[in-house]
Amino acid sequence: MIGQRIKEIRNNNNLTQEELADGIISRTYLSLIEKGSVHPSTNVLIKLSERLNCSVNDFMQEVSHFRYNDVEILREIAYYEQKIESDDFQSVLSFIDKEYEIVDQIPPQDSGRIHLIYAKYYNKVGELRKEKHHVDRALQLLSTISINQAYIDAIILKTRILVSKGEVGEALDLLEDTLFIILRLTELDLGIIRIMFEIAECYHIKEEYFTSSRFIDRLKRQSEILHIDYKKQKLNLLEAKNLAMLGSFGRLEQITDHSEEPSMVLLNCFASFKNGNIKECESRFKSMGIEKSMFRGDPVLSDIHSVLEKRLDFI
């Protein structure tokens, strides 16, 4: 009971576990206290009460019955969704500490959004087991209502987990099933484009470059109709890599000609080389100082760099 009461007062004071524990005990030990796993000493209780501006006797009172306030929680969810979008992940810890996910009164759609916030946070900090747990829970909850952007966010996060494990086929099944559903929902125009982009990336990873290119063409047509410019730089790079692997070097040289981005410069050099413009390729490749380390993690670009480096050194 004491642990629950400490947690309640801490939340009322808008303090994270780190902020309350700082200089008194470890955050881990405070977490154990709040869960009732350990019983703190009187000295610790006194110090915690001083920081919380209350008395030790306040810790002995009954925990208030939590009532779900839909307006308040929706504001918090929206607030922390915005924090995630602005790449402010540190502030999300205070939201996680409140453990809203265990509150029974929260409707599935709101609870799903909460789990999605958690999943995005754990994705950022590299805790893959927790990320997978929360994204699976988010999908389970969000699938009980009409498909919306939060559900699409969860689908994309799930497919990226699958791709990272080498399960690209399973990721494609999930993406294509989702695309089939949302193509019938005109209010999810951006969602269609986002799913198409992920499908195109997955087919590229599977080395099915023609199919990837077809999805990029469909995505571009859809974007033009809707006047949406989605991930333009990444989309152009993906298109260029597909062209390189399909041997469309004339088109590749054309779309990479004026870019100064290292990946696009490399692809432009490759196109020039394949089109017989050896001196132009050599001049640009060496003047730009393109290092193979720039493309670590991208097998297509790494292989192209190796080919050019070997051929140009030989010449």
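## Helix H12, an aromatic cluster and positive phi values

Helix H12 covers residues 209-226; its 18 residues reach 26 Å from the first C-alpha to the last, close to the 26 Å expected at 1.5 Å a residue. The expected span is 1.5 Å times one less than the number of residues. Helices are DSSP runs (H or I, at least four residues), numbered from the N terminus.

This is a predicted model, in which local features need pLDDT of at least 70 and side-chain atom pairs count only at pLDDT 80 or more, while totals for chains, interfaces and linings use all residues. Residues are numbered from 1 along each chain as its sequence is written, and side-chain values use heavy atoms, with hydrogens and water left out.

**The two faces of H12**

Tyr209, Ser212, Ser213, Phe215, Ile216, Leu219 and Ser223 of H12 are buried. Seen down the axis of H12, these buried residues fall within an arc of 160°, so they line one face of the helix. The arc is that of the directions from the helix axis to the C-beta atoms. On the face turned away from the buried side of H12, the exposed residues are Phe210, Arg214, Arg221, Glu224 and Ile225. Here buried means under 20% relative accessible area, exposed over 50% and partly exposed in between (1.4 Å probe, protein chains only).

**Aromatic pairs**

Rings of Phe, Tyr and Trp (its six-membered ring) pair if their centres lie within 6.5 Å; planes under 30 degrees apart count as stacked, over 60 as edge-to-face and the rest as tilted. By this rule there are seven aromatic pairs. For phenylalanine 95 and tyrosine 118, the ring centres are 6.1 Å apart and the planes stand at 65°, so the pair is edge-to-face. Phenylalanine 95 belongs to helix H6 (residues 92-97) and tyrosine 118 to helix H7 (residues 108-125), so the pair ties together parts that are 23 residues apart in sequence. Both phenylalanine 95 and tyrosine 118 are buried. Ring pairs also link Tyr79, Tyr80, Phe95 and Tyr118 into a cluster.

**Positive phi values**

Just after H12, histidine 227 takes a positive phi of about 60°. Two loop residues other than glycine with positive phi are listed below.

| Residue | Phi | Loop | Relative accessible area |
|---|---|---|---|
| Aspartate 87 | near 65° | between helix H5 (70-85) and H6 | 49%, partly exposed |
| Glutamate 207 | near 65° | between helix H11 (189-205) and H12 | 58%, exposed |

Definitions and conventions
Helix = DSSP H or I, 4+ residues; strand = E, 2+ residues; numbered from the N terminus.
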